[in-house]
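Visitor: Could you pick one spot in this model and walk me through it closely? I'd like to see which neighbours it has and then how the ligand site and the rest of the chain look.

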Amino acid sequence: MTTSHYQLLPSVDKLLQNPKLGESLEAYGHADVTEELRAQLGALREQIARGDSRLLAKLEAQGFADELCVTVANRLATTRGSTLLSVFNLTGTVIHTNLGRCALPQQAIEAMSKAAAAPSNLEFDLESNRRGDRDDHLVNSLCALTGAEAATVVNNNAAAVLLVLNTLAQGKQVPISRGELVEIGGAFRIPEVMKSAGCELLEIGTTNRTHLKDYRAAISPRTAALMKVHTSNYEIQGFTKTVSHRELADLAQASQLPLVSDLGSGTLIDLQKYGLPKEPTVAEVLAEGADLVTFSGDKLLGGPQAGIIVGRKDLIQRIKDNPLKRALRVDKLTLAALVAVIDLYRDPHRLGERLPLLADLSRSVDEIDAFARVIFGPLSTALEGIAAVDIVDCKSQIGSGALPLDLIPSKAIRMRPLAGANGREESLQELSLRFRRLPKPVIGRVKDGDLYFDLRCLVKPEEFLSQLEEL
Ligand SMILES: *Cc1c(COP(=O)(O)O)cnc(C)c1O
C-alpha cells in the first residue's frame, strides 16, 4: 500500500464544503457533521491499510466524495434525526393509541403554533393585571356545550379519574360494579387507579348483573362517592343488568354522596348524525344527574391528549384546590389546541369537514374505494414478483375503546406475499418491514398471512404513492 492511496481521501475541510452535506450542516451543526466525517474517513483508512481492492478502485472513481457525503448524511439522519415520525395509519383502527390517536384540525395546529411562538395570557388576567387561571380559557365553551356548572382540564383522562378520586375519596370507599372494573390498554386499570388515588374500591354486584340494591347495601359512613365507569372497550351481553345514571343519581342524592361518571371516550355530540352508533353524550350523563363526568380530549372528541372534568361547581373547586392538580395540569400547547377544537363544536354544521377524526369516521366506502383505485395500479407494479395485490371489502374499528363492537364498512388493499426463498411467513414479515422503513412509515395490519392496508384514513394517496419507489 502506498501513501498515495491515503492522499486520494478528501480532507474534512473539503468535504464540509460539499453541497450534499448542506442540509446536514443546517440540521445537526458543524461539530456532529465533522465527527461523522472523521469516523467515515477513519474507517476508509483502515480499509486502505487492509488493501481492500474494491475500495482502491472506488477511490479513484468520479463522484467518490459525493458518495461519501451522502453516506454521512444518511447516517446522521438515522442516528441524529428525530425518532418521532409521521406515519400512515392504515391499520383499520381509527383512534390508534400507539400511533398517537388522531390528526388535529388545522385550527388547533395554528393555535398551538401561536401559543408556542410567544408568551401568552395563559394564567394572567389582562383586566385586573393579576394572576389568572388557565382553565378559564375553556370553561365557558365546555359549560355551554355540556350544561355543566364548571369545568377543569388535566393531562389525560387517566389523570382526571385519579384526581377526582383522590380529591373526593382519599382514605374512604367507593363502590363500583364488578361489571365496570375496566382495564384500558397500557396499564390503566380502575382498581389500580383507585389504589393510587388512596381510596378503597368496594366491588359490588356480579360481572353480569349489578342492581340498585347492591349500591344501597354498600353505602356506609365510609363511602365517599358512587361511581360509574363506561365499559368502553368491551360489552357484556346476555343476562345482564346495570344501573342507569338516573337511578344511581337518585340514590346518591338521597345519601348525600356525589355521583362520578368516567365516560372514557366522551362525546359532545350525537354521533348518529354522522352515521355512527349511539354513544351517551357528556350533556346527557350530566342531565341524568351525574355530579362529575370525566372524559378524554383525544378519543371521540378528536382533540389533543387531555382529561376533561365537568360538573358541580363546588366539587370542581375542591378538585382545583388539590395540590395534585398542579402536577397533572395541561400545558399551554395542549390547552391552545383544546380551546380551538372545543370552539369547532360550537359550529356543529361545519364540524364534520373540519375535524379530521369525524372526517375519517364518516368517510364513505365510495370515497375509500376511490383511494384504493388510485393506488392499486402503481402498488401492483411496485410489488411485482413480491406480492399479489387486490382490493377487498373490510371493516374499520373506531378504536381506543370507543364503541368496541361497532365496525364501519371500508375498503382495503390486500397484499398476498409470494413465497420467497425463506417461505411465505418470512416474505410477509419482510414486506411489512419494508413499508415500515419508508421515510413516512406505512403501518398496516397482518391477518391470515396477508398484509392489509385499510384505506379509511389514507387522505393523501399521492403522498403514499410518492415514496413507492423507495420500497
Ligand atoms: C380511555 C379511557 C381512560 C383513559 O383515558 P386517557 O385519556 O387515554 O388517559 C379512562 N377511562 C375509560 C373508561 C377509558 O375508556
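**A close look, starting from one histidine**

Guide: Happily! Let's begin at His137, which is found in helix H7, residues 136-146. Please keep in mind that this is a predicted model. His137 has a relative accessible area of 34%, and because that value falls between the 20% and 50% cut-offs, the residue counts as partly exposed.

Now for its surroundings. If we set aside neighbours within four places in sequence, His137 is in contact with Asn121, Leu122, Leu335 and Val339. For Asn121 and Leu122 there is also polar detail. The side chain of His137 reaches the backbone oxygen of Leu122 at 2.9 Å. A polar atom of that His137 side chain also lies 3.3 Å from the backbone oxygen of Asn121. In both cases, then, the histidine side chain is paired with a backbone oxygen. If you would like a distance across the fold as well, His137 and Gln317 are 180 residues apart in sequence, and their C-alpha atoms are 16 Å apart in space.

From here, let's move to the ligand. Its surroundings are made up of Arg101, Asn156, Asn157, Ala158, Ile184, Phe188, His230, Ser232, Asp262, Gly264, Ser296 and Lys299. Sorted by class, this shell has 3 nonpolar, 6 polar and 3 charged residues. Helix H8 (157-169) and strand S10 (259-264) each supply at least two of the shell residues.

Several side chains come within polar reach of the ligand. One N or O atom in the side chain of Asp262 is 2.6 Å from a ligand nitrogen. On the oxygen side, Arg101 offers a side-chain N or O atom 3.0 Å from an oxygen of the ligand. Lys299 likewise has a side-chain N or O atom 2.8 Å from a ligand oxygen. Of the 380 Å² of accessible area that the ligand has on its own, the protein covers 95%.

Asn157 deserves a stop of its own. This shell residue is found in helix H8. Its relative accessible area is 7%, under the 20% cut-off, so Asn157 is buried. Its side chain makes a polar contact of 3.0 Å with the side chain of Asp262, and Asp262 is the residue whose side chain sits 2.6 Å from the ligand nitrogen. Beyond its neighbours within four places in sequence, Asn157 is in contact with Asp262, Gly264, Thr294, Phe295, Ser296, Ala306 and Gly307. Asp262, Gly264 and Ser296 from that list also belong to the shell around the ligand.

Arg101 has an unusual point to check in your viewer: a positive phi of about 55 degrees, although it is not a glycine. You will find Arg101 in the loop between strand S1 (88-89) and helix H6 (106-117). Because its relative accessibility is 18%, Arg101 counts as buried. Val459 also has a positive phi, of about 60 degrees, without being a glycine. Val459 sits in the loop between strand S17 (450-454) and helix H20 (461-466). At 43% relative accessibility, Val459 counts as partly exposed.

What about the cysteines? A search of the whole structure finds 0 disulfides. Cys102 is in no disulfide, and the nearest cysteine sulfur, belonging to Cys457, is 6.7 Å away. Cys102 counts as buried because its relative accessibility is 17%. Cys143 counts as buried too, at 14%.

Finally, let's step back to the whole chain. It has 20 helices and 17 strands, and its C-alpha atoms fill a box of roughly 95 × 60 × 40 Å along the principal axes. Of its 471 residues, 46% are buried. The chain exposes about 23400 Å², with carbon and sulfur atoms supplying 49% of that area. Among contacts between residues at least 6 apart in sequence, 73% join residues at least 24 apart.

For a last landmark, try Gly42 in helix H3, residues 22-50. Gly42 is partly exposed, with a relative accessible area of 24%. From Gly42 to Glu149 there are 107 residues in sequence and 68 Å in space, C-alpha to C-alpha.

How values were computed:
Residues are numbered from 1 along each chain as its sequence is written. This is a predicted model: local features need pLDDT of at least 70, side-chain atom pairs count only at pLDDT 80 or more; totals for chains, interfaces and linings use all residues. Side-chain values use heavy atoms; hydrogens and water are left out. A residue is near a molecule or strand if one of its heavy atoms lies within 4 Å of it. A polar contact is a pair of N or O atoms within 3.5 Å; within protein, one must be able to donate a hydrogen and the other to accept it, and residues adjacent in sequence count only if both atoms are side-chain atoms. Accessible areas come from the Shrake-Rupley method with a 1.4 Å probe; for residues, only the protein chains shown count as cover. Helices (H or I, at least four residues) and strands (E, at least two) are DSSP runs, numbered from the N terminus. Ala, Val, Leu, Ile, Met, Phe, Trp, Tyr, Cys and Pro count as nonpolar, Asp, Glu, Lys and Arg as charged, and the others, Gly among them, as polar. A disulfide is a pair of cysteine sulfur atoms within 2.5 Å. Buried means under 20% relative accessible area, exposed over 50%, partly exposed in between (1.4 Å probe, protein chains only). Contact means heavy atoms within 4.5 Å.
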